[in-house]
Amino acid sequence: MKKKVLVSACLLGKNCRYNGEHSRISKLDELDVDFIPVCPEEEGELGTPRLAAEMQGSPENILKGNARILTTDGHDVTKQFIQGAKKSLEAGLTSGTEVAILKSHSPSCGVGEIYDGTFSHSLIDGNGIFSHLCRESGITC
């Protein structure tokens with residue numbers, strides 16, 4: 001049986017990024033695994049395309065209600081990001097995945113580095129909401 005791997009759908013070529021495009025990585029085609037594609041932002045019913053959003057605090061503080069995720073026009077989309085992250089995590093957990101390949105810098109999927117919340121394209125150390133939940137649940141990102 002092939003290993004199941006959770007993956008950001010945009011990395012497989014699905015046009016689900018905020019700008020309606022994808023971030024396809026063709027080398028993923030070479031892997032002999034069963035991909036479980038997810039897009040936490042679409043699962044949170046944010047639609048595609050959508051305004052870019054950035055975290056205004058750590059995932060821990062966002063999940064506790066002490067920080068937010070805002071779009072470029074200042075709209076609070078925290079609830080949608082959390083809802084989508086939880087739905088996407090459930091897809092991974094019910095399929096038995098132990099590993100995830102996620103989109104860099106994303107407020108949902110970012111691993112290790114995310115945008116700093118100022119919309120200035122500056123990066124800081126940190127994880128997106130979805131990758132944070134994956135790691136807490138034992139999924140290696």
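In this predicted model, serine 8 belongs to strand β1, which spans residues 4-8. Serine 8 has a relative accessibility of 2% and therefore counts as buried. Leaving aside neighbours within four places in sequence, its contacts are Val38, Ile101, Leu102, Lys103 and Cys109.

A second buried site involves two cysteines. Cysteine 16 counts as buried because its relative accessibility is 2%, and cysteine 39 is likewise classed as buried, at 11%. For cysteine 16, the closest cysteine sulfur is that of cysteine 39, at 3.8 Å, which is too far for a bond. The relation also holds in the other direction, since the cysteine sulfur closest to that of cysteine 39 is in cysteine 16, at 3.8 Å. A disulfide would require the two sulfur atoms to lie within 2.5 Å, and the 3.8 Å separation therefore leaves this pair unbonded. A search of the whole structure accordingly returns zero disulfides.

Both of these cysteines are also touched by arginine 50. Apart from residues up to four places away in sequence, arginine 50 touches Cys16, Arg17, Tyr18, Cys39, Glu41 and Glu42. This arginine is placed in the loop between α1 and β3, yet it counts as buried, with a relative accessibility of 13%. The threshold for that class is under 20% relative accessible area. Two polar contacts engage the side chain of arginine 50: one of 2.8 Å with the side chain of glutamate 41, and another of 2.9 Å with the side chain of threonine 48.

Threonine 48 leads directly to a feature of the backbone. The peptide bond joining threonine 48 and proline 49 is cis, with omega about -5°. Proline 49 is situated in the loop between α1 (40-43) and β3 (53-55), and arginine 50 is also in the loop between α1 and β3. Why does a cis bond deserve attention? Most peptide bonds are trans, and most residues other than glycine have a negative phi.

The second part of that generalisation bears on another loop. Phenylalanine 119 is not a glycine, but its phi is positive, about 60°. The residue is found in the loop between β6 (113-115) and β7 (123-125). Histidine 121, which also lies in the loop between β6 and β7, has a positive phi of about 65° although it is not a glycine either. Are these side chains buried or exposed? Phenylalanine 119 counts as partly exposed, at 28% relative accessibility, whereas histidine 121 is exposed, with a relative accessible area of 67%.

The final element to consider is helix α4, residues 129-136. Six of its eight residues are buried, so the helix is largely enclosed by the rest of the structure. The buried residues are Ile129, Phe130, Ser131, His132, Leu133 and Cys134. After α4 comes glycine 138, whose phi is positive, near 90°.

Methods
Residues are numbered from 1 along each chain as its sequence is written. This is a predicted model: local features need pLDDT of at least 70, side-chain atom pairs count only at pLDDT 80 or more; totals for chains, interfaces and linings use all residues. Side-chain values use heavy atoms; hydrogens and water are left out. Buried means under 20% relative accessible area, exposed over 50%, partly exposed in between (1.4 Å probe, protein chains only). Helices (H or I, at least four residues) and strands (E, at least two) are DSSP runs, numbered from the N terminus. A polar contact is a pair of N or O atoms within 3.5 Å; within protein, one must be able to donate a hydrogen and the other to accept it, and residues adjacent in sequence count only if both atoms are side-chain atoms. Contact means heavy atoms within 4.5 Å.
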